[in-house]
Amino acid sequence: LRLSIVYRAMCFRDEAEGEEFWAQLHDEESAFTVEEIIARLRDGLVTRGVLSRVRAVTMSPLDLATAIVDNYLPYPMPARGFPLNYCALPRLFPWTAPLVWLLC
């Protein structure tokens with residue numbers, strides 16, 4: 001599994017709105033617990049019709065994690081062919097290393 005972090009700049013109407021956002025972001029009392037986040041994601045799968053309510057609460061944690069990843073973090077499929085991790089190409093075909101070193 002490979003995850004990426006994306007930086008998104010935040011724009012606020014004024015400095016006060018920005019300070020309010022950052023205060024709320026770092027307020028541990030209003031932060032979601034891991035259990036709350038998993039429950040929201042699980043409920044979303046039920047709402048989308050991906051899982052029945054019974055299946056959502058009885059499936060193994062691994063199956064639930066797989067369903068969450070499959071539905072919320074889909075791997076972009078190419079229009080043709082098969083998905084390829086270009087950074088792994090030099091391991092299979094060493095001659096490609098000079099071509100992909102800038103990307104990986």
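Partly exposed means a relative accessible area between the buried cut-off, under 20%, and the exposed cut-off, over 50%. Keep that scale handy for the exercises below, which all work on a predicted model.

**Exercise 1. Work out what the chain is built from, and how much of it is buried.**

Start with the secondary structure: the chain has six helices and zero strands. Reading from the N terminus, that gives α-α-α-α-α-α.

Next, look at burial. Of the 104 residues in the chain, 13% are buried. The accessible surface comes to about 9400 Å², and carbon and sulfur atoms hold 61% of that.

Last, check the contacts. Take those with a separation of 6 or more: 26% of them join residues 24 or more positions apart.

**Exercise 2. Decide which residues of helix α4 are buried and how they are arranged around its axis.**

Step one is the helix itself. α4 covers residues 61-72, twelve in total, and its first and last C-alpha atoms are 16 Å apart. That is close to the 16 Å you'd expect at 1.5 Å a residue.

Step two is to pick out the buried residues, which are L64, A67 and I68. Viewed down the axis of α4, they stay within an arc of 100°, so they line one face of the helix. The general rule helps here: an α-helix has 3.6 residues a turn, so residues three or four places apart point the same way.

Step three is the other side of α4, where L62 and D70 are exposed.

Step four: what sits over the buried face? The cover of those buried residues includes α2 (34-47).

**Exercise 3. Zoom in on L64 and list what it touches beyond its sequence neighbours.**

Place the residue: L64 belongs to helix α4. Its relative accessible area is 9%, and because the buried cut-off is under 20%, L64 counts as buried.

Now the partners. Skip anything within four places in sequence and L64 is in contact with I38, R42, L45, L51 and M59.

Finally, compare sequence with space for one pair. L64 and L41 are 23 residues apart along the chain, with their C-alpha atoms 9.5 Å apart.

**Exercise 4. Find the salt bridges and say how accessible the residues in each one are.**

A search of the whole structure turns up three salt bridges. Let's go through them.

- E17 and R13: the closest N and O atoms are 2.9 Å apart. E17 is partly exposed, at 24% relative accessible area, whereas R13 is exposed, at 75%.
- D43 and R53: the side chains meet at 2.8 Å, N to O. D43 lies in helix α2 and R53 in helix α3 (residues 53-58), so the pair ties together parts that are ten residues apart in sequence. D43 is partly exposed at 31%, and R53 is partly exposed at 41%.
- D63 and R55: here the closest N and O atoms are 3.8 Å apart. D63 counts as partly exposed with 35% relative accessibility, and R55 is partly exposed with 37%.

The 3.8 Å pair makes the list because the cut-off for a salt bridge is within 4 Å.

**Exercise 5. Is F21 buried, partly exposed or exposed, and what does it touch?**

Begin with its position: F21 is in helix α1 (residues 15-25). Its relative accessibility is 25%, which puts F21 in the partly exposed class.

Then go through the contacts. With neighbours up to four places away left aside, F21 is in contact with M10 and F12. For the M10 pair, the separation is eleven residues in sequence and 9.7 Å in space, C-alpha to C-alpha.

**Exercise 6. Find the nonpolar surface patch, then look at T96.**

First, the patch. It is made of L92, F93, W95 and L99, which together offer about 520 Å² of accessible area. Take L92 as a sample member: it is in helix α5 (residues 89-92), and it is exposed with a relative accessible area of 60%.

Now turn to T96, found in the loop between α5 and α6 (97-100). T96 is buried, at 6% relative accessible area. Not counting residues up to four places away, T96 touches L89 and P90.

To wrap up this exercise, set two results side by side: L92 is exposed, whereas T96 is buried.

Notes:
Residues are numbered from 1 along each chain as its sequence is written. This is a predicted model: local features need pLDDT of at least 70, side-chain atom pairs count only at pLDDT 80 or more; totals for chains, interfaces and linings use all residues. Side-chain values use heavy atoms; hydrogens and water are left out. Helices (H or I, at least four residues) and strands (E, at least two) are DSSP runs, numbered from the N terminus. The expected span of a helix is 1.5 Å times one less than its number of residues. Buried means under 20% relative accessible area, exposed over 50%, partly exposed in between (1.4 Å probe, protein chains only). The arc is that of the directions from the helix axis to the C-beta atoms. Contact means heavy atoms within 4.5 Å. Patches are made of residues with over 30% relative accessible area and no salt bridge: like charges are joined within 9 Å, nonpolar side chains (Val, Leu, Ile, Met, Phe, Trp, Tyr) within 5 Å. Accessible areas come from the Shrake-Rupley method with a 1.4 Å probe; for residues, only the protein chains shown count as cover.
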